[in-house]
Each structure stands twice: as structure tokens, then as C-alpha cells.
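User: Please take a close look at one strand in this model and its surroundings. Then add a word on a charged residue elsewhere in the chain.

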Amino acid sequence: MKAGFALILVLSWLAACCGNRFQEAWVMNCEHTFPDGTHFDLGPLTRTAGRPDYVGRDKSGNNYYINVCNNVQEIPHECRVLQKDIRAPVYQARHLDAICHGWM
């Protein structure tokens, strides 16, 4: 389970950080074939309406809301309160410190 969550976190981070061209392709198409023939299709991991986002919590009390190949379905409460309600595939939020980061 931890390895699966780590993979989702890394892939979501890649989708969020690697430039508009890559991000647009990522959102539109969750498949990729590498030159050596290795093929990935992450489409089945995408959360859609009626399926809650992936949520994880670290030891520091941060909550991570994640979707794969798309924005989260529901913007975290902490982010809405702080008026940081942008659409993003990954959020980091902590209620006690009123912290919210959204990665596009």
C-alpha cells in the first residue's frame, strides 16, 4: 500500500510540475510507451465524479489530496477557507496551521 501511494504521489507531482505541454498531454492521455517498449496506462487510477480523491497523511499532520491524470474532485476545506480554491491535481493541507498548497 505504501509503495502504491508513493507511486501515485510521484506521478501526480510529475503531472503538476513538468510544464504545460507535458501536463496537457498527461491530462488528455494517461498512457506512455518508452523507447524500450515499456508501456504504462494510468487512466484506471483517475478519480471521477462519485469516486473520492486519494488521501494520505504524513507524520507532521499534513493531508495530501491527490488525483491521477486529472484535478482533485473536491478542493479541501482548508483551501476553500483560505480562498485557495484553484483547480489542481495535488493539494497539501494542514488544518491546525491553516496551510494549503495546490500544485498545478
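Analyst:
**Strand E5 and its partners**

Val 90, Gln 92 and Arg 94 point one way from E5, Tyr 91 and Ala 93 point the other way, and all are buried (under 20% relative accessible area with a 1.4 Å probe, protein chains only; exposed is over 50%, partly exposed in between). This is a predicted model: local features need pLDDT of at least 70, side-chain atom pairs count only at pLDDT 80 or more, and totals for chains, interfaces and linings use all residues. Residues are numbered from 1 along each chain as its sequence is written, and side-chain values use heavy atoms, without hydrogens and water.

Five of the five residues of E5 (residues 90-94) are buried, so the strand is largely enclosed by the rest of the structure. Strands are DSSP runs of at least two residues, numbered from the N terminus. Two strands pair if DSSP finds at least two bridges between them.

E4 (residues 63-66) runs antiparallel to E5, joined by four bridges. Tyr 64 has Gln 92 as its bridge partner in E5. E6 (residues 99-103) also pairs with E5 in the antiparallel sense, over five bridges. There, Val 90 stands opposite Trp 103. Four residues lie between the strands in the hairpin of E5 and E6, where Ala 98 takes a positive phi near 55°.

Now the charged residue. Asp 53 lies in the loop between E2 (39-41) and E3 (54-57). The side chain of Asp 53 reaches the backbone nitrogen of Gln 73 at 2.7 Å. That side chain also reaches the backbone nitrogen of Glu 74, at 3.1 Å.

Terms used. Polar contact = N/O pair within 3.5 Å; in protein donor to acceptor, adjacent residues only side chain to side chain.
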